[in-house]
2 protein chains.
Amino acid sequence: MADVATSGDRVVREQPLATFAAAALTRAGVAAGDAAVAARVLVAADLRGTPEHGVGRLPALVRDLRAGTIAAQPPVALVRETPTSVLFDAGNGLGAPAAVRAMEAVIAKARTLGAAFGSVRNTNDFGIAGYYAMLALPHDQIGIASTNAPRAVTPTFGRDRLLGENPIAFAIPAGAEPPFVLDFATTVHDASGELVPLGGPGTETSGHKGYGLGLLADILCGVLAGGAFGPDLPASGEAPRAGAVSHFFAAFAVGGLLDPARFKADLDRELRSVKDSPKSPGYDRIYVAGELEHERTRDRRARGIPLPAPVWDALRSLAGDLTIPFDLTPSGGTPS
Amino acid sequence: MADVATSGDRVVREQPLATFAAAALTRAGVAAGDAAVAARVLVAADLRGTPEHGVGRLPALVRDLRAGTIAAQPPVALVRETPTSVLFDAGNGLGAPAAVRAMEAVIAKARTLGAAFGSVRNTNDFGIAGYYAMLALPHDQIGIASTNAPRAVTPTFGRDRLLGENPIAFAIPAGAEPPFVLDFATTVHDASGELVPLGGPGTETSGHKGYGLGLLADILCGVLAGGAFGPDLPASGEAPRAGAVSHFFAAFAVGGLLDPARFKADLDRELRSVKDSPKSPGYDRIYVAGELEHERTRDRRARGIPLPAPVWDALRSLAGDLTIPFDLTPSGGTPS
């Protein structure tokens, strides 16, 4: 599982990549602060090894911002607030800035009262759900984040694609071990390559559980936020619909139940007991959720992020279009 | 999916069954109030169609209570409490009474502040997780309940059975539609009949997601409660270990984000849009989570609960052992 770039990859450093992403978004009209946040979330996906949510999305984001499909400087509104909850309307802006703002508000409330939750409606793709759940970790809180997404999968026994990949993420702070970060799409690709609910098609292998989790995410995100849900979301592959995405966030303070130092020491023991247990024949390692992504992030921070040649080329072309510098100071691979 | 008793079944009414279960537990030393709660949770499982958590468990429960493996009159202790959290030590008593007490405390806190969570440690099997999550429904709250359980399944790439079936339940209030109640074991039986994580063995069909959910439940329940977790739980089929089970509960007030009447009307629309969508060939109905159990409960309340002959016989025999009346006033089947 070593993180080796393949021959066509260009290896770039985190910081110049984030700077470039922020510059591209700024040039597309996004305010500097929001652009920096969105860039950080994109690069986090590349660091963690989920490039489908990474900087490779920049050309499409810039296109949507320039077309006005996504509002570059949206009127973000605080719609409802209580001591333990907060609801934002993101004004059809980029997903990440409003999502970070909402999760940070939830965390602040959980720091005061121990538990809180929140939503963002009228927003767009926020990248990796785990990013937001993980914002709770430094505060000794358990973070939860979810989003609905364009419709891509059929309900069990159904024929129409009604639910998105609808990820749900949980982040739990550990001590010496990497945090437990379970960030999963509620869908999977089955043997034929088709997207089906986690568990599989039909009920024989419990696909109804994955379908239930996908619908749960659409309810917690879309319905509870008063946002778009179910049939009001576009189908995957269709043109995006303005603001047809919503997110859900929650945070619990570990200290509400157990001394955080004790909790983190116990969680270390729990995680190690799983990792140190005997392996199946042919396997030399058992992973716990988030561990691989944690190691990739560490390795890529140290040695650089491999960008496939087509992504590199697309970003260079984007830089040309936007007349911004394209200096990713590659730390490896062939200089451009 | 009509709820028809098979020929060997005895059909009994809910109330006499609950009265009998409570009498059996009382005779085994449990205080009357606790016995009534535990009986209600057992019968709820039979009403919902999950008899493995139903009154069929009474003989084993009575055996464990008499042997002292489960404490009949445990010293339940409030270990920690904040405005949004509560932790109980159940003193190795029956699972249900302490679980109801904890979930009711969580709900009361969420009524005041909007969000709360809680745990029970040093306890035993609580039956169906959905029962506790559903306690939140009349309060226009979203309820969550989970438990760890004897070790039955291997982690992805592992060889030792380290995790239990570890169910997680979410209950969400609807309007005219039945509530959305997703109550799922994080494990499934694969083609060979073996218990594997939801998603399957290995990672090809995302079994690591089910493994992650099972470990999540063990962390939220066992580790966060300061209770038994991981290797400290008995293996499935082994003798129970005193108090080696913990639960996690949470509740969010819908009104923290959206007017509850609006939310419930929107959720009705969401659920109907799924149910009314086109069906796969060979299927005439799409279910949403909890719907089938809701209908079974309604039908069994009206027409009685079918008890398989072996369960009936075991309960009759238990009544003899305990010298308590066995009058389930069967509403159908052959009178005993």
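In the predicted model, about 6,600 Å² is buried between chain A and chain B, and 71% of this area lies on carbon and sulfur atoms. On the side of chain A, the residues that lose the most area to chain B are A:Phe157, A:Leu257 and A:Glu270, which together account for 12% of what that side buries. The contact is made up of 81 residues from chain A and 81 residues from chain B.

The character of the contact was examined next. Between chain A and chain B, 22 residue pairs are in polar contact, counted where both residues have pLDDT 80 or more, whereas the number of salt bridges between the two chains is zero. Helix α6 of chain A, spanning residues 207-223, gives the most to the side of chain A that touches chain B, contributing ten residues. The residues on that side of chain A comprise 45 nonpolar, 21 polar and 15 charged.

The arrangement of the two chains was then considered. Two copies of a chain are related by a rotation about an axis and a shift along it. Here, a turn of 180° with a shift of 0.0 Å along the axis lays chain A on chain B with an RMSD of 0.0 Å. This is the relation of a two-fold axis. Among the residues of chain A, A:Gly199 comes closest to the rotation axis, its C-alpha lying at 2.2 Å. Both copies use the same surface, as 100% of the contact residues of chain A recur in chain B.

Side-chain pairs were also surveyed over the whole structure. Side chains of opposite charge can pair when their charged atoms come close. Over all chains, 36 salt bridges are found. One of them joins A:Asp89 to A:Arg121, with the closest N and O atoms 3.8 Å apart. This salt bridge links distant parts of the chain, since A:Asp89 belongs to strand β3 (residues 85-89) of chain A and A:Arg121 to strand β4 of chain A, 32 residues apart.

A pair of aromatic rings is described by the distance of the centres and the angle of the planes. The count over all chains is 21 aromatic pairs. In the pair of A:Phe117 and A:Phe248, the ring centres are 6.5 Å apart and the planes stand at 45°, so the pair is tilted. Distant parts of the chain are again linked: A:Phe117 lies in strand β4 (residues 115-123) of chain A and A:Phe248 in strand β10 (residues 245-253) of chain A, 131 residues apart.

Terms used
Residues are numbered from 1 along each chain as its sequence is written. Chains are lettered from A and ligands numbered from 1 in the order in which they are written. This is a predicted model: local features need pLDDT of at least 70, side-chain atom pairs count only at pLDDT 80 or more; totals for chains, interfaces and linings use all residues. Side-chain values use heavy atoms; hydrogens and water are left out. Contact means heavy atoms within 4.5 Å. Buried area is the accessible area (1.4 Å probe) that two parts lose on being put together, summed over both. A salt bridge is a side-chain nitrogen of Lys or Arg within 4 Å of a carboxyl oxygen of Asp or Glu. A polar contact is a pair of N or O atoms within 3.5 Å; within protein, one must be able to donate a hydrogen and the other to accept it, and residues adjacent in sequence count only if both atoms are side-chain atoms. Helices (H or I, at least four residues) and strands (E, at least two) are DSSP runs, numbered from the N terminus. Ala, Val, Leu, Ile, Met, Phe, Trp, Tyr, Cys and Pro count as nonpolar, Asp, Glu, Lys and Arg as charged, and the others, Gly among them, as polar. Copies are superposed by least squares on the C-alpha atoms of residues with pLDDT of at least 70 in both. Rings of Phe, Tyr and Trp (its six-membered ring) pair if their centres lie within 6.5 Å; planes under 30 degrees apart count as stacked, over 60 as edge-to-face and the rest as tilted.
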